[in-house]
Amino acid sequence: MAALVAAESAASPGLAETAEAAELSRALSRLLPGLEADSKLGRRRALEALQRALEAAWPEESAANPAAAAAAFQGPWARLLLPRLLRCLADPAEGCRALAAHLLSQGLRRAARPGDALPRLLPALAARLAGPQLARGRPPEACEELRLALVQLLGLAVRLGGAGLAPHLDDAVRVLRCTLLDPFAAVRRESCECAAGLARATPDHFHMQSESLISPLMQSISHQHWKVRVAVIEATGTVIQFGNGKSVDDVLPHFAQRLFDDVPQVRQAVTGVVGGWLLDLRDRYSFFHKLIPLLLSSLEDDIPEIALMATSLWEKVGLQWQRENEEDLKDKLDFATPPPAHHPSPENRPVLGCRELVFRNLSKILPAICHDITDWVVGTRVKAAQLLSVLMLHAEDHITQHLEVILRTLQRACADEDRAVVSNCITSAELVGVFVSPEVFLKLILSALKKSPSPAGLLVLASIIRGCPREALQPHLKVIATELAQPHVCQGSENLLHGEHLLLCVQTLVSVCQEDCRGCSLQLMEVLVTIMALSGATGLSDKVQETMDALATVQEVNSRQDLYREHIGPLVEWLAATQNDWTVHSVELLQLTVVVTHAGPALGEVLPHLMPILRSCLQPARDPQMRLRLFSCLSRVLLNAKQTIDSQGQFHHYLDTVTKDILVPNLQWHAGKTAAAIRTAAVSCLWALISSEVLSEEQIQQVQETLMPHILTTLEEDSQMTRLISCQIINRFLKSSSGIIDPDKFIRIYPELLKRLDDVSHEVRLAATSALVTWLACIKNDDGKSYYQSNIQFLYRELLVYLDDPESAVQDAVLVFPSRQPGSHQRLTVQYPRNSVCTAPPPPSRRGMTRDGAGVRADSLHCSSACSLWACPTDLGGAHSNSSPWHISPIASQLCLQSCVDRPLSQTDDWLSPRGLPSAPHASWASCLMTLLRPTDKVKLLHILSRSQSHMPSNSQSHSHHGAHEPCCQ
């Protein structure tokens, strides 16, 4: 009896399961015929009823024993529900298809053996998502949401089926090849997850099918949705990890492009996948040289999180490789070398495994970098330049064996227009200086500069020097400085960039080597002078001056002027060696100009070397444009002669050289505009010389004796500047002569100056007038006045016409003549028709007046001047009165009466006599002049005339005096 009970108890669970399955089967059997209904609504209601039945058949208490519930569900699911639901996937109604897909998902999750459904499920999914194998159009399932649901169903089958999917791998891969290219982005993302799951589920068989998924994955890797791109990258990493490693070659170009993606998540995905391959890929040793560049590129990413992730992965890779090759690295691990003294970041030095990986693969990586660093895409060039610096930081001194290739690459890249490329290449060049011996890199880079000097080559050299230790560079300073001073290097181009980089080389040498530069200071000065000469107005002069100051500091001198003083002699001798071949285009001419202009007081110490150069280069047979430039330079120096060319007080020893050998030949007349320009430059140089206050009066007289005839000829030049400066020079010569001039030469001066009073230039006329005043002042003693009397009278008569000049300043200058001359000139006797003599003293002051409203000004003159020059009846052309034989011009009358009114009333009685004013014309003359005088002077004139009238004789006496033609005033 007990045994029977035990047997019934053991059989009771099976009976219960069968009862549950039978009950579910009966429930499903009642609902399944509705799936065959003709109406869409009927089929839909049947599916909804099935859904409710399944939910009712899976109560909450079944969760306590899920295995039993799944076992009870397995039979009805596989026998009744699965086949009919798969047929519903092709239902014309979209809603029915959606409910069928949902019920299939529920069935797979609840079934005890979901793998049993794969032989039927996968072909059905392939039929809905991929269609016939040859049909490559749109998938049979038109609804995007349904395609997404079906792909999710496939992913569920992959997760639940596991290795059981191996027999159905072809169908799954065929579906994924289509869905990976689906227009719906969500379908693509789900397909990527499904592909990755399929690779993990069937690792032993997936490698045979993995290559077929690479093409659709790479077609989707550039999808416009960044989430799709991330999903594709991660799926590709898994597919290759568990598939065929040969596909790495097909994938890497696409991964490299994704490193330029604007979305950080995409770049982070690439970094993670590549790092995972370097750690776990079965054939990773074969792909180290291809994968390392991708991971190292992320070390310089703009996003810190990505850079940190790449750094962590790279360190893990290095340590793993170090453990795997511990036997080969035993000596290096046991006797680790410290980082170089000038390592840029010794605390962050890469581990030995990372350094060894880069060193052993550098020869394979460098050619690709050299190619990409000149790519037409800016981003590619920047990444390549960044990667090169990272590789060199890892390779350290092992870059020596690749140095020629690296330097050639750097020189090409440093000519790039993009600043980021150049900046990274500068960093790489500095690393060359850190890790490579100067004997090695100087041999290569200096030979390249000899063949074809370029701004990029100079920039590379400057960067290498900046990274090189001072003690290592010290023995080679003279070689570097000498090479930089070679004409083919420092004079290689007038390009601004060439000058900037050449200057950078000098600045770097001075900053790195400090006091060690004393031995090559002269060569560095030659380079700096050349840079300043060629840079012109490009803005490098200030930087060159700063560099000279720095060089002066390391030389322990006070300023760059002292630096010039130390090297001025060798510099001038260096330039003098080629002076016979100079033209205006010669660099040596520009260098001499710089030295002469900037040397300051040091220039006075090299006159024995400088003057022969100037004498040789300023001969008429030499290049005219060169002579113009040298004259301009010499004029600037002479303007500040005491601080430059005469700083030692020795310039007077070379005065004859300047005047006779330089100025005289260039002042001679030759046809042509160029020759006229040279004469202008020579005249300007002479003016600077005599205005510099370095010549004594005797020396100026000596210059006058030599150059006065030539200067008189330059008064006829077409150039207004030349004529103006010539007048000023003559004026200065006359002031310095103190009246000691040969009479014949002296008389030849004023006619030439008189011609300049008709000059078209207002400034020239005023300068000529001033020179005439000085000429007249040179006649001092009585003998000279007697000797030059006729010349003086002629001069006064010629000046008469300029009182009516349109320019008031010229009138003022002409009226200055009589008032500024000594008394003897003012009392020169002029004979009138009746032998009248006017000896009136000069007025004490001058005032201006305006005539006829035309702006003509006339300064008040002494009466004698007015009578003798402008009131002469025979010489004047003024209007006259019928009642008077006097022909008095308005200007002369104005001047005479102005002379009267300008004197104090107390002084008029001293020289105003009863016969001083003729009675007949007196009233008419005074009334006429009343209209010309100032209001204040009219009152004074009336007072004078009333007083003079009280002393007048009778009319007869007046007529008798009038008939005697006495002068108008005394």
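Which helix gives the most to the lining of the largest pocket? The legends below describe close-up views of a predicted model, and the first view takes up this question.

**View 1. The largest pocket and the helices that line it.** About 620 Å³ of space lies in this pocket of the predicted model. Its lining is made up of 23 residues, and those closest to the centre of the pocket are Ala256, Pro293, Leu294, Ala368 and Asp372. Helix H17 (352-372) gives the most to the lining, with six residues, while helix H12 (248-258), helix H14 (288-297), helix H17 and helix H18 (378-395) each supply at least two. Sorted by class, the residues of the lining comprise twelve that are nonpolar, five that are polar and six that are charged.

**View 2. The stacked aromatic pair of Phe255 and Trp277.** The structure holds five aromatic pairs, and in this one the ring centres of Phe255 and Trp277 lie 5.4 Å apart with their planes at 5°, so the pair counts as stacked. Because Phe255 belongs to helix H12 and Trp277 to helix H13 (residues 264-280), the pair ties together parts of the chain that are 22 residues apart in sequence. Both Phe255 and Trp277 are buried.

**View 3. The edge-to-face aromatic pair of Tyr750 and Phe794.** The rings of Tyr750 and Phe794 are 6.3 Å apart from centre to centre, with an angle of 65° between their planes. Since Tyr750 lies in helix H38 (residues 749-755) and Phe794 in helix H41 (residues 789-799), this pair ties together parts that are 44 residues apart in sequence. Tyr750, with a relative accessibility of 4%, counts as buried, whereas Phe794 is partly exposed, with a relative accessible area of 33%. Tyr750 and Phe794 also belong to one aromatic cluster, which they form together with Phe746 and Trp775.

**View 4. The surroundings of Ser726 in helix H36.** Ser726 has its place in helix H36, which spans residues 720-737, and is it buried or exposed there? Its relative accessibility is 0%, and Ser726 therefore counts as buried. The side chain of Ser726 is joined to the side chain of Thr714 by a polar contact of 2.7 Å. When neighbours within four places in sequence are left aside, the residues in contact with Ser726 are Val683, Ile711, Thr714 and Leu715, so that Thr714 appears both in this list and as the partner in the polar contact.

Notes:
Residues are numbered from 1 along each chain as its sequence is written. This is a predicted model: local features need pLDDT of at least 70, side-chain atom pairs count only at pLDDT 80 or more; totals for chains, interfaces and linings use all residues. Side-chain values use heavy atoms; hydrogens and water are left out. Helices (H or I, at least four residues) and strands (E, at least two) are DSSP runs, numbered from the N terminus. Buried means under 20% relative accessible area, exposed over 50%, partly exposed in between (1.4 Å probe, protein chains only). A polar contact is a pair of N or O atoms within 3.5 Å; within protein, one must be able to donate a hydrogen and the other to accept it, and residues adjacent in sequence count only if both atoms are side-chain atoms. Contact means heavy atoms within 4.5 Å. On a 1 Å grid over the protein atoms alone, a cavity is a set of points where a 1.4 Å probe fits but cannot get out, and a pocket is an open set with protein on both sides within 12 Å along at least five of seven lines; lining residues have an atom within 4 Å of a point. Grid points are joined across faces, edges and corners, and a volume is the space filled by probe spheres set on the points. Ala, Val, Leu, Ile, Met, Phe, Trp, Tyr, Cys and Pro count as nonpolar, Asp, Glu, Lys and Arg as charged, and the others, Gly among them, as polar. Rings of Phe, Tyr and Trp (its six-membered ring) pair if their centres lie within 6.5 Å; planes under 30 degrees apart count as stacked, over 60 as edge-to-face and the rest as tilted.
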